[in-house]
Amino acid sequence: MDSFLPCLATLAAKSISKLIRLSGAGMASNLPGKIANAICPNTLPYFAKQLTRGCLAVSGTNGKSTTSGLLASILAQAGYQVIHNRQGANLIAGITAAFTEAANLNGSLKGNFGLLEVDEAALPLLTKTVDCQNILVTNLYRDQLDRYGELDKTAKLIAQGIAQKQSNAILNADDPNVCNLSCPATKIFYGLNNSSLNYDTTSPVSTVNDLSNTEISYCPHCGNEIYYGSSKTLSGNWSCLSCNYKRPDLDFYASNIKLFSEHSTFVLNDKHGSASITLPLPGLFNVYNATAAGAAASHLGVNLNTIKTGLEKYETLFGRSEKVHINDRLVVIQLIKNPAGASKSLASLTNSKCAKVVIAINDNLADGRDISWLWDANFEALANIDTSFIVSGQRAQDMAVRLKYAGIKSTQIVCIPSISLALKEALEETPVKSTLWLLPTYTALLEIQRILKQYKD
Amino acid sequence: MKLHICHLYARLLNIYGDRGNIIALTQRASWRGIEVEVRAPGLAENLDPSWADIYFVGGGQDKQQIMIAEDLQRHADNLKIAANDGAVMLAVCGGYQLFGHYYKPHQGSELKGISLMDAYTVAGDRRMIGNVTVELPDKSTLVGFENHSGKTFLGKGLSPLGKVLKGNGNNGEDAFEGAHYKNIYGTYLHGSLLPKNPHFADQLITEALTRRYGAVKLEPLDDEIESKAHDKARLLKA
């Protein structure tokens, strides 16, 4: 392919990116990619062809960013030069921008492996032009249904993305809808082996089944409800009682899982052996993310020792269980965007010591314009926390109603729609050396990121 | 006093915060000292038509919708008896469609409803997604969010729930939303509907308790938080 247009596109993208940074308008994650694609629609395939060690896409509703972050950390240990859209800009423009960012002006690429976090609907668009040898799917929850219609449609988009270039699929076996994705090439299944799950009794943490009130799985074959083993234990080992569809055998799995308030420990097992892991992230959902990353790395040929090092050295992404220190206060930031993820975050919050909570709900397109999911998330978990809650963002008023009906007293609910004012008030009211929790939707998170930067500087 | 709520197919039709409607009814009754019991019969389970004061049915995904459509036929007679006896019923989105005569998809066979209301639904070409404001006959408003491609049309004798001030409503053509017959209400509005439309939630509770206990006047509640969410939603773009 002629390199003139891709080079020009790269130059334009890099210049815009620099301008955006200089102007302080925020992270340049999408616009440079849009401009590059406008100049040369072939920018993305042009660069992707140069990836000598191949390309892996991570898709699914929850955990894409953390899973690909963990995998990037492992692959760095394994000597890969990874190109990764780590800012979570997971549409075609954002992915293109990650490549122009990593390209030289002569059109060569500073990297040999593409690790691409991809929005579910963008996956078929990506694989139309880019040959992703492997595609990892984290899970399929209800998320932003106003955008895609419904879950079955999302599953179809992902299956189409997998089929187009006959990619291998690395699939979460504990999610019946992910298992059911058709894949003409190799399927690798990962999951949790629940036979020996222990909880640290000093900090009891939620199990998958705590979500059973709000997040129910249906059998992708016959439509009936899926059974997840006994209600007392964590279990990804599901089966359909009506049609005998059940979880496939696992190629890669986590066992001996122990969850603590700040971290978790578990054993990862592949067909060669096992390794004990101490993951610097709380919550069962992060055990899943780590298992997914481990399964993908193992499939690429990375050994368990290297996987262990990569996972243990992982540094948190912004807004995914991230912790920052501001004015001698600990600020924990956890993105919330759908019922399943939000309920898990709320469970971690109730298990930790926190002095103050801000919940910031926006309803822009990237957040999902339909906020009815707030009613499917378990905010009732907050009812026994003795603090006041600041609700903020474009839909602060709706969040206030949700908290009131979750059993929180009206006097404990403070409505400050401006996110910057809400943060200011929350930081003032958080005592020194105490913890402030922030639970924002996606665009609220971007706003928080800009505001907190001013506090840090 | 005790309020009996029957949440039909709670585990299969639960996609757009339907649970919020049950939470709103439950809380608004309990804040007034009224005891509440919720039952949630699922597929193949039986339904006692004399038990419930309020029936609620929500929306689901296509596959679940088809499953319950068939099962719902078992309850058609009982629900008609209850409806004629003045039981309160609220059906949202998919549930609303099934309260009519049928849903006709682009391809494949018709999904039969239970004809509680003289309405029918046909598959449309575009999805109607966005914020909605509806004006009720008493000039109060309902706010919510719609997400449907089915277009619902009402028979001559059936009143709509209200006029569309913003959004699409029943079919995006006649500027009406929902349907109202006896104490049965059908609507496309979720969001959830009842928490930020407390006057409507109270209307349902009042009608339900009046049927069982004779004229009931509910104690007023402090609805400042709900009113603010309602007013904010009225200002949103469709």
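The exercises below, each with a worked solution, concern a predicted model.

**Exercise 1.** Find where Asp202(B) lies in chain B, decide whether Asp202(B) is buried or exposed, and list which residues it is in contact with once its neighbours within four places in sequence are left aside.

*Solution.* Begin with the element: Asp202(B) belongs to helix H5 of chain B, which covers residues 198–213. Next, take the relative accessible area, which is 13% for Asp202(B); because buried means under 20%, Asp202(B) is buried. Finally, with its neighbours within four places in sequence set aside, Asp202(B) is in contact with Arg28(B), Arg32(B) and Leu218(B).

**Exercise 2.** Describe the salt bridge between Arg32(B) and Asp202(B), and explain why the pair ties together separate parts of chain B.

*Solution.* The two side chains meet with N and O 2.8 Å apart, and a salt bridge requires these atoms to be within 4 Å. Arg32(B) sits in the loop between H1 and S2, whereas Asp202(B) sits in helix H5, so the salt bridge joins parts of chain B that are 170 residues apart in sequence. Both Arg32(B) and Asp202(B) are buried.

**Exercise 3.** Work out which elements the salt bridge between Arg28(B) and Glu226(B) links, and then name the network of salt bridges that includes these residues.

*Solution.* In this salt bridge the closest N and O atoms are 3.6 Å apart. The pair links helix H1 (residues 19–30) of chain B, which holds Arg28(B), to helix H6 (residues 224–235) of chain B, which holds Glu226(B), and the two residues are 198 apart. Arg28(B) is buried, with a relative accessible area of 0%, and Glu226(B) is likewise buried at 0%. As a last step, the network of salt bridges links Lys404(A), Arg28(B), Arg32(B), Asp202(B), Asp223(B) and Glu226(B).

**Exercise 4.** Describe the salt bridge between Lys2(B) and Glu37(B), and state how each residue is classed by accessibility.

*Solution.* The side chains of Lys2(B) and Glu37(B) meet at 2.8 Å, N to O. Lys2(B) is in strand S1 of chain B and Glu37(B) in strand S2 of chain B, 35 residues apart. Lys2(B), at 23% relative accessible area, is partly exposed, and Glu37(B), at 25%, is partly exposed too.

**Exercise 5.** Characterise the second largest pocket by its volume and its lining.

*Solution.* The space in this pocket comes to about 620 Å³. Its lining consists of 26 residues, and those nearest the centre are Glu150(A), Asp62(B), Tyr103(B), Arg127(B) and Ser149(B). Sorted by class, the lining has seven nonpolar, 11 polar and eight charged residues.

Terms used:
Residues are numbered from 1 along each chain as its sequence is written. Chains are lettered from A and ligands numbered from 1 in the order in which they are written. This is a predicted model: local features need pLDDT of at least 70, side-chain atom pairs count only at pLDDT 80 or more; totals for chains, interfaces and linings use all residues. Side-chain values use heavy atoms; hydrogens and water are left out. Buried means under 20% relative accessible area, exposed over 50%, partly exposed in between (1.4 Å probe, protein chains only). Contact means heavy atoms within 4.5 Å. On a 1 Å grid over the protein atoms alone, a cavity is a set of points where a 1.4 Å probe fits but cannot get out, and a pocket is an open set with protein on both sides within 12 Å along at least five of seven lines; lining residues have an atom within 4 Å of a point. Grid points are joined across faces, edges and corners, and a volume is the space filled by probe spheres set on the points. Ala, Val, Leu, Ile, Met, Phe, Trp, Tyr, Cys and Pro count as nonpolar, Asp, Glu, Lys and Arg as charged, and the others, Gly among them, as polar.
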